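Please examine the sequence and the structure shown below before reading this report. The sections that follow are written for a reader who is new to protein architecture.

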Amino acid sequence: MELDIDQETGLVRRTAPNPYPFGSSLLTDLPSPSAAGDPTHPALIDGDRAWNTAELSHAIARSGAALHTLGVRPGDRVAWSLPNCAELPIGFIGTQLAGGVWLGINQPLAAPEKRFLLDDSGASVLVASQEVLDQIGPAADRRDITPEEW
């Protein structure tokens with residue numbers, strides 16, 4: 001079996017099996033209004049906040065564009081440490097749109113464990129709650145932001 005390797009990212013492209021027999025095999029295509037059919041259909045609900053498919057697609061694109069503006073390029077690691085909230089799936093797909101590799105860092109980890117994951121992964125960006133940013137402190141080679149900053 002010959003592998004289809006993306007020359008820019010070095011990742012293997014899979015053409016089969018398609019996870020959805022009726023749709024795209026790309027995660028980044030799933031929330032698009034054209035993939036969902038009805039752009040007004042509810043797509044994500046987080047407490048009293050809700051996004052329809054069109055709004056979710058826009059939020060994901062905005063997330064990816066913000067990361068690109070921060071300098072994220074294909075293959076760069078982007079760490080996320082947030083409570084369970086809508087920004088996590090939005091950021092997960094947005095990171096992939098920017099070409100980054102998403103790294104989830106569990107909030108209950110101790111500060112030294114979080115710093116180890118960040119240092120070991122070489123994350124160039126950390127998106128985290130202010131509480132986490134205060135806990136781990138800044139790093140010279142990493143851009144730290146909260147979701148509210150974009």
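This report describes the overall make-up of the chain, its sheet, its helices and its nonpolar cores.

## Overall make-up

The structure is a predicted model. Its protein chain contains 5 helices and 8 strands. Read from the N terminus, these elements follow the order β-β-α-β-β-α-β-α-β-α-β-α-β.

The protein chain has 150 residues, of which 31% count as buried. Contacts in the chain can also be sorted by how far apart in sequence their residues lie. Among contacts between residues at least 6 apart, 50% join residues at least 24 apart.

## The four-stranded sheet

An open sheet is formed by 4 strands, arranged in the order β6-β5-β7-β8, and their pairing is parallel. The edge strands are β6 (101–104) and β8 (143–145), each of which pairs on one side only. From one strand to the next, the twist averages 20°. As a general rule, strands of a sheet pair through backbone hydrogen bonds, in either a parallel or an antiparallel manner.

The pairing can be followed across the sheet. Strands β5 and β6 run parallel and are joined by 4 bridges. Within this pair, Val78 stands opposite Trp102 in β6, and Trp80 stands opposite Gly104 in β6. Strands β5 and β7 also pair in the parallel sense, over 4 bridges. Here Trp80 faces Val127 in β7, while Ser81 has Ala128 as its bridge partner in β7. Trp80 thus has an opposite residue in β6 and another in β7. Finally, 3 bridges join β7 to β8, which run parallel, and Val125 has Arg143 as its bridge partner in β8.

## Connections between the strands

Two right-handed connections may be traced along the chain. One is the β-α-β unit made by β5, helix α3 (residues 87–97) and β6. The other leads from β7 through helix α5 (residues 130–136) to β8, and this β-α-β crossover is right-handed.

## Buried strands and nonpolar cores

How are the two faces of strand β7 covered? Val125 and Val127 lie on one side, Leu126 and Ala128 lie on the other, and all of them are buried. In general, the side chains of a regular strand alternate between the two faces of the sheet. Strand β5 has 4 of its 5 residues buried, so β5 is largely enclosed by the rest of the structure.

The largest nonpolar core consists of 11 residues: Leu67, Val72, Val78, Trp80, Leu82, Cys85, Leu88, Ala98, Val125, Val127 and Ile145. The elements that contribute two or more residues to this core are β5 (77–81) and β7 (125–128). A second, separate core has 10 residues, including Ala128, Val132, Leu133 and Ile136. The two sides of β7 can therefore be followed further: Val125 and Val127, on one side of β7, belong to the largest core, whereas Ala128, on the other side, belongs to the second core.

## Helix α4

Which residues of helix α4 (residues 111–121) are buried? They are Ala111, Lys114 and Leu118. Viewed down the axis of α4, these buried residues fall within an arc of 65°, so they line one face of the helix. The general rule is that an α-helix has 3.6 residues a turn, so residues three or four places apart point the same way.

The buried residues of α4 pack against β5, β7 and α5. On the face turned away from this buried side, α4 carries the exposed residues Pro112, Phe116, Asp119 and Asp120. Just after α4, Gly122 adopts a positive phi of about 75°.

## A residue in strand β2

Arg13 is located in strand β2 (residues 12–13). Is Arg13 buried, exposed or partly exposed? Its relative accessibility is 43%; because the partly exposed class lies between 20% and 50%, Arg13 counts as partly exposed. Leaving aside residues up to four places away in sequence, Arg13 touches Asp4, Ile5 and Asp6.

Definitions and conventions
Residues are numbered from 1 along each chain as its sequence is written. This is a predicted model: local features need pLDDT of at least 70, side-chain atom pairs count only at pLDDT 80 or more; totals for chains, interfaces and linings use all residues. Side-chain values use heavy atoms; hydrogens and water are left out. A nonpolar core is a set of buried Ala, Val, Leu, Ile, Met, Phe, Trp, Tyr and Cys residues joined through side-chain atoms within 4.5 Å. Buried means under 20% relative accessible area, exposed over 50%, partly exposed in between (1.4 Å probe, protein chains only). Two strands pair if DSSP finds at least two bridges between them. Axes are lines fitted to C-alpha atoms, for helices over the stretch in contact, and angles run from 0 to 180 degrees between N-to-C directions. A crossover is right-handed if, with the strands pointing away from the viewer, the path from the first strand over the helix to the second runs clockwise. The arc is that of the directions from the helix axis to the C-beta atoms. Contact means heavy atoms within 4.5 Å.
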